[in-house]
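Good morning, and thank you for the opportunity to speak. I shall present one structure, beginning with its strands and then turning to its interior.

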Amino acid sequence: MIIVGIGSNLAAPGYASPLDTGLAALDALAAPHFHPVACSPWYESAPVPESDQPWFANAVALVETEREPEFVLDWLLTVEGRFGRVRGERNAARTLDLDLIDYDGLILDTPRLTLPHPRMHERRFVLAPLCDLAPGWRHPRLGLDAAALLARLPPGQPVRRAAVP
């Protein structure tokens with residue numbers, strides 16, 4: 001199971017909202033080498049770390065590919081660029097953030113890529129939609145399922161289901 005996190009808190013050019021941006025990005029991920037097969041419900045979430053930025057639209061998607069993790073990372077960065085993502089200050093507001101959360105349970109630490117995503121188990125905006133989409137998923141390093149990881153989080157990081165038209 002390959003899991004991709006999708007987030008946006010600024011509408012990309014040509015889109016009405018961060019949610020519209022995220023929905024379009026999900027469609028844009030599809031390619032001959034990359035097949036989204038399911039998507040969680042969409043959530044709205046406060047920025048992490050806490051700031052005065054706009055809230056995010058977030059979801060997680062399951063994808064299929066025969067390509068290696070580094071290729072997947074490159075594809076995600078390409079799609080981000082198509083939606084106007086500019087990397088600058090860490091945790092800045094952004095039109096699109098695509099994160100490789102897990103790649104078939106692979107544990108990997110390279111200068112470019114850490115799997116599973118190194119902070120996913122600390123992020124309510126990842127775990128809440130993951131519980132909806134893949135409740136039996138287990139963290140490859142920690143051995144806990146998504147629900148147990150979500151239950152361990154301290155209070156904070158508000159999330160709520162988004163109204164999707």
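Strand 4 is mostly covered, with 8 of its 9 residues buried, that is, under 20% relative accessible area with a 1.4 Å probe and protein chains only. Strands here are DSSP runs of E of at least two residues, and helices are runs of H or I of at least four, numbered from the N terminus. The model is predicted: local features need pLDDT of at least 70 and side-chain atom pairs pLDDT 80 or more, whereas totals for chains, interfaces and linings use all residues. Residues are numbered from 1 along each chain as its sequence is written, and side-chain values use heavy atoms, without hydrogens and water.

What does strand 4 pair with? Pairing requires at least two DSSP bridges between two strands. Strand 1 runs antiparallel to strand 4 and is joined to it by 7 bridges; there, Val 4 has Ala 61 as its bridge partner. Strand 2, residues 35–39, is also antiparallel to strand 4, with 4 bridges, and His 35 stands opposite Glu 64. Strand 3, residues 43–45, adds an antiparallel pairing over 3 bridges, with Glu 44 opposite Ala 57.

I turn to the interior. The largest nonpolar core (buried Ala, Val, Leu, Ile, Met, Phe, Trp, Tyr and Cys residues joined through side-chain atoms within 4.5 Å) has 30 residues, of which Leu 29, Phe 34 and Leu 76 touch the most other members. Strand 1, helix 1, strand 4, helix 2 and strand 5 each give two or more residues to this core. A second, separate core of 17 residues includes Ile 101 and Phe 125.

Technical notes: Buried means under 20% relative accessible area, exposed over 50%, partly exposed in between (1.4 Å probe, protein chains only).
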